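Work through the following exercises with the sequence and the 3D view open. Each task is followed by a solution in steps.

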Amino acid sequence: FFAVYKHVSFHLAQPPAPLLAQPTNHLDMESIDSLAEAINCFTGGLVLVSHDFRLIGQVAKEVWLCEDRKVEVWKGDILEYKKKLHKDVARKLKEGLTTPQ
């Protein structure tokens with residue numbers, strides 16, 4: 001157990017790419033823009049997990065969708081994905097499969 005734990009902790013201490021999970025929580029617009037600028041200046045790769053379309057639109061080179069126990073690369077940009085979501089919700093509302101929130 002100790003050897004496995006030590007091996008895992010080593011990888012977590014020096015990840016191959018930084019992981020930013022919901023980094024815009026509690027940030028104002030100016031701070032989000034500053035974060036986007038810093039990310040764009042970063043020369044390595046990173047993984048960004050976010051619901052913030054503003055940040056994603058400014059920094060994403062690729063959008064990965066994680067749903068239905070699968071991960072797929074989205075062929076368009078984040079705004080095209082947002083349009084798809086709106087269409088899906090409108091269709092479900094029309095079919096009575098969901099209620100407005």
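**Exercise 1. The two sides of α2**

Task: In this predicted model, find which residues of α2 are exposed and which are buried, and decide how the buried ones are arranged around the helix axis.

Solution.
Step 1. E30, E37 and C41 are exposed on one side of α2. For C41 the relative accessible area is 59%, and the cut-off for exposed is over 50%.
Step 2. The buried residues of α2 are I32, A36 and I39.
Step 3. Viewed down the axis of α2, the buried residues fall within an arc of 65 degrees, so they line one face of the helix.
Step 4. The general rule is that an α-helix has 3.6 residues a turn, so residues three or four places apart point the same way.
Step 5. The packing partners of these buried residues are β1 (19-21) and α3 (53-59).

**Exercise 2. Helix lengths**

Task: Check the end-to-end distances of α2 and α4 against a rise of 1.5 Å a residue.

Solution.
Step 1. Helix α2 covers residues 29-41, which is 13 residues, and should therefore span 18 Å. The expected span is 1.5 Å times one less than the number of residues.
Step 2. The end C-alpha atoms of α2 are 19 Å apart, which agrees.
Step 3. Helix α4 covers residues 78-95 and has 18 residues. From first C-alpha to last, α4 reaches 26 Å, close to the expected 26 Å.
Step 4. At the N-terminal end of α4, D77 acts as a cap, with a side-chain oxygen 3.1 Å from the backbone nitrogen of L79. After α4 comes G96, with a positive phi near 75 degrees.

**Exercise 3. Positive phi outside glycine**

Task: Describe where D68 lies, where R69 lies, and what is notable about their backbone angles.

Solution.
Step 1. Most residues other than glycine have a negative phi.
Step 2. D68 has a positive phi near 55 degrees and is not a glycine. R69, also not a glycine, has a positive phi of about 60 degrees.
Step 3. D68 sits in the loop between β3 (63-67) and β4 (70-74), and R69 is found in the loop between β3 and β4 as well.
Step 4. D68 is exposed at 67% relative accessibility, and R69 is exposed at 88%.

**Exercise 4. A contact across the sequence**

Task: Which residues does A17 contact, leaving aside its neighbours within four places in sequence?

Solution.
Step 1. A17 lies in the loop between α1 (2-13) and β1. Its relative accessible area is 24%, which makes A17 partly exposed.
Step 2. The contacts of A17 are with G45 and L46.
Step 3. A17 and L46 are 29 residues apart in sequence, yet their C-alpha atoms are 4.8 Å apart in space.

**Exercise 5. The whole chain**

Task: Give the order of helices and strands, the buried share of residues and the number of disulfides.

Solution.
Step 1. The chain has four helices and four strands, in the order α-β-α-β-α-β-β-α.
Step 2. Of its 101 residues, 13% count as buried. The chain exposes about 8,600 Å², of which carbon and sulfur atoms supply 60%.
Step 3. Among contacts between residues at least 6 apart in sequence, 37% join residues at least 24 apart.
Step 4. With a cut-off of 2.5 Å between cysteine sulfur atoms, the count is zero disulfides. C66 is exposed, at 63% relative accessibility.

Notes:
Residues numbered from 1 in each chain as written. Predicted model: local features only at pLDDT ≥ 70, side-chain atom pairs only at ≥ 80, totals over all residues. Heavy atoms only, no water. Helix = DSSP H or I, 4+ residues; strand = E, 2+ residues; numbered from the N terminus. Buried < 20%, exposed > 50% of the residue type's maximum accessible area, 1.4 Å probe, protein only. Arc of directions from axis to C-beta. Contact = heavy atoms within 4.5 Å. Areas by Shrake-Rupley, 256 points an atom, 1.4 Å probe, with all protein chains shown as cover. Polar contact = N/O pair within 3.5 Å; in protein donor to acceptor, adjacent residues only side chain to side chain.
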